Amino acid sequence: MDSRTSQTAPGTAPSGKAAVRCRGVVKIYGGGSGRVVALRGVDLQVEQGELLMLVGPSGSGKTTLISVIAGILDQDEGDCRVFDQDLRKMPSREKTRYRGKTIGFVFQSFNLIPTLTAVENVAVPLLLNGWKRSRAIQRAGEVLDRVRLADRSRSLPAELSGGEQQRVAIARSLVHEPRLIVCDEPTSSLDQDTGQRVIELLREVAVREDRALIIVTHDSRIFKFSDRMARMNDGRVVEVIDLRKTA
Amino acid sequence: MNSIALKMLVGDRAKYLGMIMGLTFASLLITQQSAIFTGLMARTFGAITDLSYPDIWVMDPKVQFIDDIKPLQDTQLYRVRGVDGVDWAVPLYKGLLKARLENGNFQTCIVFGLDDATLIGGPPEMVVGRLSDLRRAEAVIVDEVGSRDKLARAPSDGLGPKIPLAVGDVLELNDHRATVVGICRVTRTFQSQPVVYTTYSRATTFAPRERKLLSFILAKAKPGEDPERLCGRISRATGLAAYTRDQFKVKTMSYFLKYTGIPINFGIAVVLGFIVGTAIAGQTFYNFTLDNLRHFGTLKAMGAAAPTLLRMILLQALLVGAIGWGLGVGVASLIGYLLRNSELSFKLPWQLLAISGSAVLIICLSAAVISIHKVLKLEPAIVFKT
Ligand SMILES: Nc1ncnc2c1ncn2[C@@H]1O[C@H](COP(=O)(O)OP(=O)(O)OP(=O)(O)O)[C@@H](O)[C@H]1O
Ligand SMILES: [Mg+2]
């Protein structure tokens with residue numbers, strides 16, 4: 001894939017087709033006295049071709065919401081569709097396979113496997129999708145090149161800086177060309193400049209016409225890279241701001 | 001994903017070596033303890049092992065084990081020879097006789113009297129001299145350990161090492177002169193007395209006067225004859241008990257197991273070795289999975305299905321298990337080898353390797369199953385937790 005030709009610059013109108021559509025999503029953790037209602041009926045739509053940032057105070061349910069969207073957590077009520085697929089209704093094996101093909105992840109703490117080199121870490125989603133090792137490593141190397149880390153491909157995560165590790169994680173999240181990438185606080189363990197560069201990079205390589213990118217963040221300095229921002233409070237999406245219109 | 005699984009396993013050198021060491025120790029403990037137990041049990045029938053030529057042992061029906069002597073009438077020998085299918089049958093005397101040493105001390109010896117014509121039942125290995133030397137007048141052959149220790153002479157100056165009994169030396173067995181014509185090596189048994197071989201007729205002259213002196217009749221089945229069936233025919237024809245060599249070994253061992261408390265005493269040590277080994281090995285592997293739980297969670301979130309995770313964990317468990325088992329068995333064998341000339345009883349037949357291998361396998365698989373359970377139960381949503 002060549003990101004430069006198909007990249008959607010900030011301000012470009014999203015295609016209008018939904019990548020994610022959530023209606024009345026409720027998620028309750030635990031039971032009895034330990035019961036926590038994390039989502040109280042979330043309505044949210046993420047369009048294809050857009051970068052949506054999810055913001056809100058701590059405990060407002062951001063992580064819970066993207067976990068439901070990504071199919072690693074089942075909601076208790078409501079409907080959540082990803083590219084028109086209802087993940088909750090899928091048998092768990094099929095759901096796992098769908099997740100492996102369709103969704104990419106970037107985590108706050110990178111979650112790289114410490115005993116694998118950068119290029120091997122990037123190759124993991126391909127291996128999980130049944131690629132041959134040699135092809136997967138080759139392809140992973142190309143993607144590392146795109147995040148400008150080609151020369152560090154044989155390094156272990158511990159030998160890389162935080163920004164470099166997050167770039168490896170970004171390469172891993174998009175190596176298998178998933179249509180939806182979810183990121184939870186991808187910049188919060190990075191310093192300001194590094195964080196900005198990482199988001200720029202993510203925007204550059206991941207936002208495409210038929211794809212979508214959801215980033216959970218507290219970091220106001222990166223808001224400017226988003227197309228729309230959804231603000232959550234106490235388990236609900238309370239406001240959606242379209243930055244392309246306000247710009 | 002197999003290569004990823006292996007890299008996860010060996011990538012962290014310290015943990016990997018720790019795990020291998022844990023499993024090696026477990027395997028060593030299991031192998032070592034059961035090898036010693038097996039060796040100890042094999043000692044109970046050492047005398048039967050040494051007598052490898054005859055297939056069949058005939059004895060008084062009340063005999064319970066090899067050292068339990070209930071003499072037979074000499075005429076029984078001819079009756080056994082007359083049973084259809086018996087190729088040959090020879091007498092064996094086995095008894096405890098007092099030897100008087102040069103310094104006047106007495107030492108009880110285990111005396112075997114072998115058939116005069118064939119000398120069947122002799123020691124498995126001669127160190128000095130030949131078995132046929134027993135045909136000379138007053139001849140006896142003594143075992144090496146006995147000759148060096150209990151039958152040895154004190155040094156003339158009272159200091160220094162004892163002087164071993166040697167060929168040409170004379171000792172008195174039950175007041176009868178006996179000349180040493182050879183030194184032999186025998187399998188260790190639970191009896192600590194020196195072993196002395198002589199001919200049947202001479203043994204009966206050494207032995208205190210009794211009406212019956214024939215301890216066992218050793219027989220061989222004709223070629224093509226099933227020894228077990230022949231045993232049945234012999235006991236029906238003579239009213240005596242007849243066992244194949246293996247049956248008699250089992251009978252002897254069972255007696256020791258039942259009446260000596262060895263299994264309960266030593267068995268506990270073996271079981272303990274098993275439990276400790278299992279705990280160490282299981283714990284080590286389980287810890288490894290726990291340490292990697294987050295990574296398994298990441299894989300799960302990224303689309304690793306249950307069978308993939310299962311395969312990865314099993315592969316890791318089998319690999320460390322195999323290496324740990326191999327090293328443990330190796331170390332156990334090395335210890336057994338280095339102490340081969342000591343009193344350590346150590347026997348490592350392939351069955352034992354199979355048992356310790358299965359034990360380590362079961363340990364690793366159970367640890368893997370618990371780990372797998374933990375991984376499969378894992379909410380992939382933990383990957384977003386820091
Ligand atoms: N596994 C869990 N068990 C019980 N309660 C949980 C669990 N995970 C989250 N919660 C609770 O659900 C609510 C929403 O949590 P969530 O992690 O989605 O918030 P967040 O918006 O991501 O917060 P932060 O910005 O601090 O990451 C919180 O009150 C939290 O304590
Ligand atoms: Mg969160």
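## The sheet of chain A

Two strands are taken to pair if DSSP finds at least two bridges between them. In this predicted model, chain A holds an open sheet of four strands, in the order β2-β1-β4-β5, with antiparallel pairing. Because β2 (36-47) and β5 (85-86) of chain A stand at the edges and each has a single partner strand, one side of each is left without a neighbour in the sheet.

At the β5(A) edge, strand β4 (residues 77-82) of chain A is joined to β5(A) by two bridges, the two strands running antiparallel. A:Val82 has A:Gln85, in β5(A), as its bridge partner.

## A helix across the strands

Helix α2 of chain A, made up of residues 62-69, lies across β1 (18-29), β2 and β4 of that chain, and runs at about 60° to β2(A).

## The largest pocket

The largest pocket encloses about 680 Å³ of space. Its lining is formed by 24 residues, and those that lie nearest the centre are B:Arg43, B:Arg188, B:Arg340, B:Ser342 and B:Leu344. In chain B, the elements that give two or more residues to this lining are α2 (13-44), α3 (46-50) and α5 (144-148).

In character, the lining residues of the largest pocket divide into nine charged, eight polar and seven nonpolar. Seen by domain, the lining of the largest pocket draws at least three residues from each of two domains of chain B, namely domain 1 (2-43 + 261-384) and domain 2 (73-239).

How values were computed
Residues are numbered from 1 along each chain as its sequence is written. Chains are lettered from A and ligands numbered from 1 in the order in which they are written. This is a predicted model: local features need pLDDT of at least 70, side-chain atom pairs count only at pLDDT 80 or more; totals for chains, interfaces and linings use all residues. Side-chain values use heavy atoms; hydrogens and water are left out. On a 1 Å grid over the protein atoms alone, a cavity is a set of points where a 1.4 Å probe fits but cannot get out, and a pocket is an open set with protein on both sides within 12 Å along at least five of seven lines; lining residues have an atom within 4 Å of a point. Grid points are joined across faces, edges and corners, and a volume is the space filled by probe spheres set on the points. Ala, Val, Leu, Ile, Met, Phe, Trp, Tyr, Cys and Pro count as nonpolar, Asp, Glu, Lys and Arg as charged, and the others, Gly among them, as polar. Domain bounds come from an automatic or database domain assignment. Contact means heavy atoms within 4.5 Å. Axes are lines fitted to C-alpha atoms, for helices over the stretch in contact, and angles run from 0 to 180 degrees between N-to-C directions.
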